[in-house]
Amino acid sequence: MKKLFKTGNPYIWLTAGTLTISLLMICGLIALILINGFGIFWPHKLVRFTLRDGAVVLGEIAKKESIPHKKDAYRTKLKVGNRDVFGMDFRWIDDADIVSHELPHDALAFERREWGNMYGSLKGWKQGDDIKPVSPAEMTAMLKESWGLFKKIRSVEKKEIGNINYRMEKNRLELKRLSTLPPTTGIQKKIATVNARMDVLKKAYREKEDILTGLHQKAREKEVVALLADGSEKTIPVFQIVRLYAPNTMGSFAKIGFYVAKFWEFVSDEPREANTEGGIFPAIFGTVMMVLIMSIAVVPLGVLTAVYLREYASDSSIARLVRISVSNLAGVPSIVFGIFGLGFFIYFLGGGIDKLFFSEALPTPTFGTGGILWASLTLALLTVPVVVVATEEGLSSVPMSIREGAYALGATKFETLWKVVLPQAVPGILTGAILAIARAAGEVAPLMITGVVKLAPSLPLDQHFPFIHLERKFMHLGFHIYDVGFQSPNVEAAIPMVYATTLVLLFTVLVLNLTAIVVRTKLKKWYSTASL
Amino acid sequence: MEKVRMEVPDPIVNIIGLSLYYGKTKALKEINLDISKKRITSFIGPSGCGKSTLIRCLNRLNDLIESVTIEGSIQIDGQDIYAPSVDVTELRKRVGMVFQKPNPFPKTIYENVLYGPRVLGINKKSSLDDICENALKRAALWDEVKDRLHMNALDLSGGQQQRMCIARALATEPEILLLDEPCSALDPIATSKIEDMLVELKRDYTVIIVTHNMQQAARISDYTGFFMLGELVEFNITTEIFTNPREKQTEDYITGRFG
Ligand SMILES: Nc1ncnc2c1ncn2[C@@H]1O[C@H](COP(=O)(O)OP(=O)(O)O)[C@@H](O)[C@H]1O
Ligand SMILES: [Mg+2]
């Protein structure tokens, strides 16, 4: 026994075993997210159960499990949809109660703009009191038309009315500012012109509103009647249908096409129904933009700090103290940074900026409230230690001989640093940036008090001057996961969204990191010393 | 024993009673030495005897090491280079240096050679091109690299890198060129190329070379100094040193009985 321990083999087994366990846990987690995240867009078959009490239900099988404390008894969780009719999306059914089950060919899934999915079959097209049968081709044409209508409504709402609103707000602020000035004739003239502009805008606004009302009217015109599993009928405007598909008769290609379309919608569209349906594009956009702003802030800050510490302060006791403090900063809980960001950036800096430059909008804060800039700067503070440490390592890896080469040519310390040493430390700096990005992209807690929201009305980047709106609130993938998974009214129906969003978050972090890694590899190749 | 200060014609550098300490260790002991203009002077001696330390005093590169203290003085053109009024960067532009291991910057050949002129503030493309070409020609590298000036200098061979470092030092038009064992990392062919080049350079520059290789000193230098344990043991015309050394230690060293 003693001999065995002396060989050291048990320790090797121990370490190898620990490594295996860690790897398995990580792989398991990633596999779980991959399977669930990628799986949700695949069209599931619609099953019709006839139950012992004569009831008929139709839906997607969500889960099957054994009933606790009963032997050989199973139950099925069926997504029956039709939340507006049945009150809930899911229903548990004991397998013992199921008399028969089948996959009806005419079963359709209606993906709706509101109230989640509806399952049933299509009875016909409603005209007055009559119900006329409708062919699939006609249905496709109607859906296409309503999609065009939807896009039109959205463009009027978002772009045209949004534009007018934006200009009206500007004029309103201008008026407010002018009214604080002494009412000389010049000022009064200006007020009059602004008012005139305002009237033109108001008129345009009313016109657009009328157009919108017309469009909405048109959207309600065409209606179809669906036959639900329990035999009841349900009338639904075509406009409400996002997608209509028959999963039981779909071929493989149709399924793949459906999958791709759904996936694309998910990453490129805006959320619907309190974030539980539709896409997550604003959250992806917000995350990437926040990380980029953070990088722009943290890299210069970290690099300059590291340069001073390593090149100028070298080894004084103060420098050592600063170095220890910086390292310890990395261990402060992120929520503390959030609170600091709230106090310093938002209340102090933001409030100050508002008083100086946006006083006409007060008491409505412009910068004095959470926004993407403050959130990014808070995360920059959070990640600065990582960049400092990595840059210091990068600097110390630049050989003395290269520095001496520059000094011997008459370069000053600054010239040597700027033109020879720093470029060579770039791979180290990028390593720091990569670590900082990885940390920042996944951080949620400090964002919740510095500017993240569950639904942002507009992106922080748009067509209005100055195009980048750093004061705006934004959406974020990490917060989106929290919101959809734990704060939404219909948590159960949103679980697949949580997996898919997690997947996108992981992927976004991966892409951001890979970009930095590719840049670093390119640079490293350039800087690596060729062998003599 | 009494050391006579060797008289050389047209001295440009005068080293007077120079001692150097690394902390408390005395690495150079009262060196007295004159170096003749537009000649090659070589320093030989066993490793650790202070050759590098001495030539690094000539462009004040030892200032970078915090523990160094210096006694005595060094004059170039009659001016004390350790006087407080001297601008170190100006001095280093007049006294170029090439190191034992080639130390190209991770930039293109072109940017390497022009690093010094750019520091001097020359920015005109045509004059930079001329300087680059001239320096590379003097360093006998032009023909080998003229078509690939914009390739990474790290991709050159060791010998080419070293000649590029010499070109880089020459591009600032120094009066004195210091070389610290420039050939120790190179093969014989690269070595002989550099030796030929140094003999050429003698027409315009004062060259001071530290070498580990006595044949090299004998082949190219006009004056040779032999150092041991921080002391200048003997300094004389090269042929004298190698055919008729005055000191026993020198004789032992050059006949290979020591070192
Ligand atoms: N940076 C330094 N700090 C302390 N001692 C040094 C340093 N550089 C060189 N020395 C010492 O000074 C002596 C002379 O070194 P050096 O000039 O490099 O010798 P050589 O070039 O002749 O081989 C050696 O004993 C060496 O250990
Ligand atoms: Mg040496």
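Helices H7 and H12 of chain A are oblique to each other, as follows from the crossing of their axes at roughly 135°, given that angles over 145 degrees would count as roughly antiparallel and 65 to 115 as roughly perpendicular. The model is predicted, and the points below take up this helix pair and then the surroundings of ligand 1 in chain B.

**Helix pair in chain A**

- Helix H7 spans residues 281-312 and helix H12 spans residues 413-441 of chain A, and the axes of the two come within 8 Å.
- The crossing in which H7(A) passes H12(A) is right-handed.

**Shell around ligand 1**

- Ligand 1 is surrounded by residues of chain B that include the run B:Ser47, B:Gly48, B:Cys49, B:Gly50, B:Lys51, B:Ser52 and B:Thr53, together with B:Tyr22, B:Ala27 and B:Ile65.
- Helix H1 of chain B, residues 51-58, supplies the largest share of this shell, with 3 residues.
- By class, the shell residues divide into 4 nonpolar, 5 polar and 1 charged.

**Polar contacts and burial of ligand 1**

- On the side-chain side, a polar atom of B:Tyr22 lies 3.3 Å from a nitrogen atom of ligand 1.
- From the backbone, a polar atom of B:Cys49 is 3.3 Å from an oxygen atom of ligand 1, and a backbone N or O atom of B:Lys51 lies 2.9 Å from an oxygen atom of the ligand.
- Taken alone, ligand 1 exposes 560 Å², of which the protein buries 57%.

Note on methods:
Residues are numbered from 1 along each chain as its sequence is written. Chains are lettered from A and ligands numbered from 1 in the order in which they are written. This is a predicted model: local features need pLDDT of at least 70, side-chain atom pairs count only at pLDDT 80 or more; totals for chains, interfaces and linings use all residues. Side-chain values use heavy atoms; hydrogens and water are left out. A residue is near a molecule or strand if one of its heavy atoms lies within 4 Å of it. A polar contact is a pair of N or O atoms within 3.5 Å; within protein, one must be able to donate a hydrogen and the other to accept it, and residues adjacent in sequence count only if both atoms are side-chain atoms. Accessible areas come from the Shrake-Rupley method with a 1.4 Å probe; for residues, only the protein chains shown count as cover. Helices (H or I, at least four residues) and strands (E, at least two) are DSSP runs, numbered from the N terminus. Ala, Val, Leu, Ile, Met, Phe, Trp, Tyr, Cys and Pro count as nonpolar, Asp, Glu, Lys and Arg as charged, and the others, Gly among them, as polar. Axes are lines fitted to C-alpha atoms, for helices over the stretch in contact, and angles run from 0 to 180 degrees between N-to-C directions. Angles under 35 degrees count as roughly parallel, over 145 as roughly antiparallel, 65 to 115 as roughly perpendicular and the rest as oblique. A crossing is left-handed if the near helix is turned anticlockwise from the far one by less than a right angle, and right-handed if clockwise.
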